[in-house]
Amino acid sequence: MDEPEIRRVAEAARALLSRMVPDATEAARVEAAIGAALALPPGSARNALLRALAIDPKVRAWSRAQLNTERRYRSLDQRRHLVARAPEQVAAGSRFPIQVYVARRAPGSGTSAPMDLDVPPDGVDVSIAVWAPGLVAEGDLEQDVHIPADGDSAMVRFSFTAVHDGPQTVQVDVYRGGTHVGGMVLQIAVGAGAATAESSVHEPLTDVRLEDGEVTLRIARQDDDRYSYRLIGPGAEVVEPSERVAAEPRDEVAALVAQLDEMARGVGPHRDPADQLSRLENLGANLWNTLPPKIRQHFWELGKIGCLTIDSDVDLPWELMYPVRETDRAGGFLVDRMPVLRRVRGQDRVRTLKVVNSAYVAPRGAPTTAPGEIAEVRALLGAGVADLGRIQILRDLRALIETPPSVLHFTCHNEFDRTTGSVITLDDGPFTPVDLSKAVAGRYLTAATPLVFLNACRSAGEIPALNRPMSWAGQFMAAGAGVFLGSLWAVRSKSAQQFAAAFYGAFVTRNLALAQATFEARQEIRALAGDPTWLAYTVYGSPSAALADKPGGGT
């Protein structure tokens with residue numbers, strides 16, 4: 001039985017305690033235990049919840065009955081199919097609809113993608129969002145729909161006008177609460193002379209379930225130089241367009257990252273630790289102020305957030321955000337308040353990772369801390385994990401990408417230029433995100449779903465590519481990685497080594513879920529005065545991703 005289901009039963013039990021446990025002292029004891037377990041971070045409360053529900057015999061019997069009911073519902077065929085009906089070719093200037101619904105069975109017509117979705121007896125509400133940057137939308141790009149337990153959902157309609165010739169990509173996503181639970185990609189050819197392009201679909205998301213307490217912030221660029229902000233969370237959603245952008249965000253990113261790089265290197269005007277912290281807080285508050293007021297207000301209304309997942313077309317260091325309001329002037333960085341993760345379009349949600357082998361990329365020009373960092377990671381993974389050695393040569397890395405290990409750890413220098421992008425120089429040549437293109441096309445990493453940790457300066461930065469931003473994170477996740485960790489600006493080598501050790505210690509040794517492991521790793525290096533490294537890391541993956549068993553295949 002999964003933790004979100006146990007949480008639902010625990011919350012219901014707490015509400016009924018006065019009826020099940022007449023003795024006020026005993027009821028208070030049980031309530032305190034349930035409350036403490038519910039307050040634990042998502043992904044780490046399962047055993048504590050079960051212990052709390054077993055304290056009183058009546059509560060234990062009632063809870064077991066409820067959990068058995070949940071199990072019976074989950075044993076039913078819960079598979080649903082996301083279905084989209086759209087023209088394969090349209091004339092430039094024409095209006096056309098895209099119709100979307102969720103079906104119990106794969107239809108005879110239209111493009112569909114299977115989803116594993118837990119639908120309770122009273123049905124479930126989901127949100128369907130469409131992202132089409134090359135088309136002009138008429139009306140909302142997000143609509144809510146109810147999926148009944150015994151039938152199909154209603155059909156929702158999205159209207160567009162085609163304005164640019166050539167193939168246009170349409171991304172259709174489904175959210176339950178704040179969790180992305182399914183999606184597909186359509187290709188529509190625009191232009192009277194354009195060849196018909198068949199619709200294509202991403203591989204279905206695997207092992208997708210509701211992430212307890214997750215909220216998603218989705219930021220999508222529109223065709224009219226505005227951004228659509230959507231905050232998606234349990235029980236409430238809000239959508240708000242921004243004003244038209246006055247300048248390309250790339251310019252703002254470059255200026256912001258330049259300041260952060262200076263602080264990380266201990267140069268520039270902000271060298272005093274107190275002055276650096278104040279500057280970081282103000283940079284973070286400025287990022288917070290870029291969100292539309294309605295989104296900021298709704299953030300506070302959501303209350304406690306278990307994890308914030310950011311799905312953004314804008315390459316900004318959102319992890320640096322510093323939410324402030326009149327009634328909470330003390331503020332605090334976003335990553336101090338909750339775990340913050342990211343996702344890229346089409347990314348699978350991998351909830352279990354099996355660690356059987358590892359490899360380490362560290363060319364001769366790597367930081368002097370590289371040998372120590374590799375030794376620490378090896379020790380934390382344990383003797384049961386096969387060690388494939390240190391990679392220094394480009395051809396060896398290329399071969400490794402084709403048969404990937406469970407853990408691919410980089411400790412090296414990553415040079416980033418806003419025009420040419422990222423490059424890691426190995427002993428016999430440069431390695432760039434473009435060198436992962438075959439792996440993306442062939443989904444080389446899908447079978448292993450590896451953890452990729454690129455512990456280098458600005459290893460998560462993006463540059464524009466022919467059809468989408470190009471970055472290490474985007475390329476590795478599109479190729480099938482289960483988890484990616486990288487940095488958004490320069491990091492100090494010693495601090496980077498400490499963060500890596502803290503992360504592997506939490507994720508592997510203590511078997512914490514990804515969200516909580518990264519949160520605790522940040523906090524462990526936060527106290528380093530005058531060093532913004534703890535804010536620099538960005539993480540892609542499912543918040544509840546965890547090891548399937550002990551490294552090396554043990555149980």
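Reader: What percentage of the 555 residues of the protein count as buried?

Author: The model is predicted. A residue counts as buried when its relative accessible area is under 20%. Of the 555 residues of the protein, the share that meets this is 53%.

Reader: How many helices and how many strands are there in the protein?

Author: Both kinds of element occur here. The helices number 16, and the strands number 28.

Reader: What share of the contacts with a separation of 6 or more comes from residues 24 or more positions apart?

Author: Contacts in the protein with a separation of 6 or more are the ones considered here. Among these, residues 24 or more positions apart account for 73%.

Reader: Which helix gives the largest share of the largest nonpolar core?

Author: In soluble globular proteins, nonpolar side chains tend to be buried together. The largest nonpolar core in this model has 76 residues, and those with the most contacts inside it include L320, L381 and F503. Nine residues of this core, the largest share, come from α14.

Reader: Which residues does F503 touch, not counting residues up to four places away in sequence?

Author: F503 is one of the residues with the most contacts inside the largest nonpolar core. Not counting residues up to four places away in sequence, F503 touches L451, F453, L485, V508, L514, A517, T518 and A521.

Reader: How many residues are in the second, separate core?

Author: This core is separate from the largest one. V90, V100, A132 and I188 are among its members. Its residues number 32.

Reader: Are α10 and α14 roughly parallel or roughly antiparallel to each other?

Author: Helix α10 covers residues 370-381 and helix α14 covers residues 493-509. They pack with their axes 9 Å apart, at an angle of about 5°. Angles under 35 degrees count as roughly parallel. Therefore α10 and α14 are, relative to each other, roughly parallel.

Reader: How do the residues of the contact of α10 with α14 divide into nonpolar, polar and charged?

Author: On the α10 side the contact is made by G372, E373, E376, V377, L380 and L381. On the α14 side, the residues include A496, Q497, Y504 and T509. The residues of this contact divide into eight nonpolar, four polar and two charged.

Reader: Which strands stand at the edges of the open sheet with the order β20-β21-β22?

Author: This sheet has three strands with antiparallel pairing. Two of the strands each have a single partner strand, so one side of each is left without a neighbour in the sheet. These edge strands are β20 (415-417) and β22 (429-431).

Reader: Which helix packs on this sheet, touching β21 and β22?

Author: Neighbouring strands of the sheet are turned by 35° against each other on average, direction ignored. The helix that packs on the sheet has a direction that makes about 30° with that of β22. This helix spans residues 394-402 and is α11.

Reader: What is the bridge partner of E415 in β21?

Author: Three bridges join β20 to β21, which covers residues 421-426, and the two strands run antiparallel. In β21, the partner of E415 is V423.

Reader: Which residue in β9 stands opposite W131?

Author: An open sheet of five strands has the order β2-β10-β9-β5-β7, with mixed pairing. β2 and β7 stand at its edges. Strands β5 (residues 124-131) and β9 (residues 166-176) run antiparallel and are joined by five bridges. Opposite W131 in β9 stands Q171.

Reader: How many residues of strand β11 are buried?

Author: Six bridges join β11 to β14, and these strands run parallel. With β12, β11 pairs in the antiparallel sense, also over six bridges. Strand β11 (residues 214-221) is mostly covered, and of its eight residues the buried ones number seven.

Reader: Does T449 count as buried or exposed?

Author: T449 lies in the loop between α12 and β23. Its phi is near 40°, a positive value in a residue other than glycine. The cut-off for buried is under 20% relative accessible area. T449 has 17% relative accessibility, so T449 counts as buried.

Reader: What does R443 count as, at 23% relative accessibility?

Author: R443 is found in the loop between α12 (437-442) and β23 (451-455). R443 is not a glycine, yet has a positive phi of about 50°. Buried is under 20% and exposed is over 50%, with partly exposed in between. At 23%, R443 therefore counts as partly exposed.

Conventions:
Residues are numbered from 1 along each chain as its sequence is written. This is a predicted model: local features need pLDDT of at least 70, side-chain atom pairs count only at pLDDT 80 or more; totals for chains, interfaces and linings use all residues. Side-chain values use heavy atoms; hydrogens and water are left out. Two strands pair if DSSP finds at least two bridges between them. Helices (H or I, at least four residues) and strands (E, at least two) are DSSP runs, numbered from the N terminus. Axes are lines fitted to C-alpha atoms, for helices over the stretch in contact, and angles run from 0 to 180 degrees between N-to-C directions. Contact means heavy atoms within 4.5 Å. Buried means under 20% relative accessible area, exposed over 50%, partly exposed in between (1.4 Å probe, protein chains only). Angles under 35 degrees count as roughly parallel, over 145 as roughly antiparallel, 65 to 115 as roughly perpendicular and the rest as oblique. Ala, Val, Leu, Ile, Met, Phe, Trp, Tyr, Cys and Pro count as nonpolar, Asp, Glu, Lys and Arg as charged, and the others, Gly among them, as polar. A nonpolar core is a set of buried Ala, Val, Leu, Ile, Met, Phe, Trp, Tyr and Cys residues joined through side-chain atoms within 4.5 Å.
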